[in-house]
Structure formats: C-alpha cells, structure tokens
Amino acid sequence: MTSNRWLEDPKAVAEVERLHAFIGEYVICFQWLEGKMDEMILMSMGHENWTLTQSELAESTNHKKVCRLETLVMERHGFRAIIADDWDEYFAAVIQELHTERRRRNSLLHSQYLFDFLAIGHPVLKSDPKKQHGSPDRNQDLSQDYCAQVLREIYELANRFGGVCMQLRMAFVGHQKS
C-alpha cells in the first residue's frame, strides 16, 4: 500500500470492512468443507486409527486431503458401493470442484491486496503473484458482485459436498482389518 488516503474516506473504509467480512465468511465456509473431508477420511480409516489419522490430517495439505478422500471412496475403503445413477461421475465432479475451490482459497489467502485504488472509487485489487503475467485471473477486482459470486459458488459446493457426505455415511460399512 503506497498511500493511506483512503482511510479518510468513509466509503473506502466501508469497502475495506466489506472485503474483510467477505474473506472471513469465505474462510469459515472453506473450513467447513475441509472439516467434512477430514470427517469422511477419519471415518474410513476406522476408530482404532483415529489418533494416527488425525495427526496425519493435521500435517496434510488440502490437495492431499482431496486426493486421499477420492482414493478411499473409489477404492471402497470403509464404504460400500453407492448404487445411485451416475454416482461415481457425480462424486468425481464434486472432487474436481473441491480441487478448484482449494486453488481459489489458496489464491485468496496468499495474494497481495492493493488498496491504493480505493481513493479513486475502485474496489480493492487482488494480485496473485503465482499466476503468470497476462493470466486473466492474476489480478482480480474484488467488487461486491465478484465477492457475492464467489460466496454463492462455495455455498453451492458445500451443499453438493454435504450431500456426498450424507451418502457416504449411509454407505459406511466400517473399517475392514487387513
């Protein structure tokens, strides 16, 4: 931030507060998704392995958690096959959405935020240094419409993933000892 002129503008201060509320709401929703992933992995691995699995999950990245959940479910580790029409395809699509959402989460949490344009009435700009120069999503205005769209998308994913978790709980047969 090169200038704090925006601090003197009540509209700009309100915009920053809106942005902080958006990021907080997003993080809480994402943490719910991550908690459900952990829950399904823990259930699949069995109660007798709870401490070890919990320790592994605490050290794991979101990428590894999504991949591990996918493997456990597709290999029927603790779950019987779900016979609903196109369930495997639906599950695979939700897994891909989880990967997409974790990338968005990483971008939101690890980007640089430029507040300089608030002084001239523009929204905060998110700049993701890991994206290539010229990439259409390297820089993103965090307008009210954009933030509302992001929240709508994560809530829709949470609804779909919640349904997947409910089906997995119903298909749970317990941990089979080797």
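In this predicted model, helix α1 passes helix α3 in a left-handed crossing. The axes of α1 (residues 10-45) and α3 (residues 62-74) come within 10 Å, and the crossing angle is roughly 45°. Angles under 35 degrees count as roughly parallel and those from 65 to 115 as roughly perpendicular, and α1 and α3 are therefore oblique to each other. On the α1 side, the contact is made by Phe30, Glu34, Met37, Asp38, Met40, Ile41, Ser44 and Met45. Their counterparts in α3 are Asn62, Lys65, Val66, Arg68, Leu69 and Leu72. Sorted by class, the contact of α1 with α3 holds 8 nonpolar, 2 polar and 4 charged residues.

Helix α1 itself is worth a look along its length. With 36 residues, α1 spans 52 Å from its first C-alpha to its last, close to the 52 Å expected at 1.5 Å a residue. Just after α1 comes Gly46, which has a positive phi near 95°.

A second partner of α1 is helix α5 (residues 144-171), which packs against α1 at an angle of about 15° with the two axes 10 Å apart. Since angles under 35 degrees count as roughly parallel, α1 and α5 are therefore roughly parallel to each other. Here too the handedness can be stated: α1 passes α5 in a left-handed crossing. The contact of α1 with α5 is made up of 19 nonpolar, 2 polar and 5 charged residues.

Helix α3, in turn, also packs against helix α4 (residues 87-110), with axes that come within 10 Å and cross at roughly 175°. This angle makes α3 roughly antiparallel to α4, the cut-off for that description being over 145 degrees. From α3, the residues in contact are Asn62, His63, Val66, Cys67, Leu69, Glu70, Val73 and Met74. They meet Trp87, Asp88, Phe91, Ile95, Leu98, His99, Arg102 and Arg105 in α4. By class, this contact of α3 with α4 comprises 9 nonpolar, 3 polar and 4 charged residues. Asn62, Val66 and Leu69 of α3 appear in the contact with α1 and also in the contact with α4.

Turning from helices to strands, the model has an open sheet of 3 strands in the order β1-β2-β3, with antiparallel pairing. At its edges lie β1 (112-114) and β3 (139-141), each of which pairs on one side only. From one strand to the next, the twist averages 25°. The pairing of β1 with β2 (residues 125-127) is antiparallel and runs over 3 bridges. Within this pairing, Tyr113 has Lys126 of β2 as its bridge partner.

Definitions and conventions: Residues are numbered from 1 along each chain as its sequence is written. This is a predicted model: local features need pLDDT of at least 70, side-chain atom pairs count only at pLDDT 80 or more; totals for chains, interfaces and linings use all residues. Side-chain values use heavy atoms; hydrogens and water are left out. Axes are lines fitted to C-alpha atoms, for helices over the stretch in contact, and angles run from 0 to 180 degrees between N-to-C directions. Helices (H or I, at least four residues) and strands (E, at least two) are DSSP runs, numbered from the N terminus. A crossing is left-handed if the near helix is turned anticlockwise from the far one by less than a right angle, and right-handed if clockwise. Contact means heavy atoms within 4.5 Å. Ala, Val, Leu, Ile, Met, Phe, Trp, Tyr, Cys and Pro count as nonpolar, Asp, Glu, Lys and Arg as charged, and the others, Gly among them, as polar. Two strands pair if DSSP finds at least two bridges between them. The expected span of a helix is 1.5 Å times one less than its number of residues.
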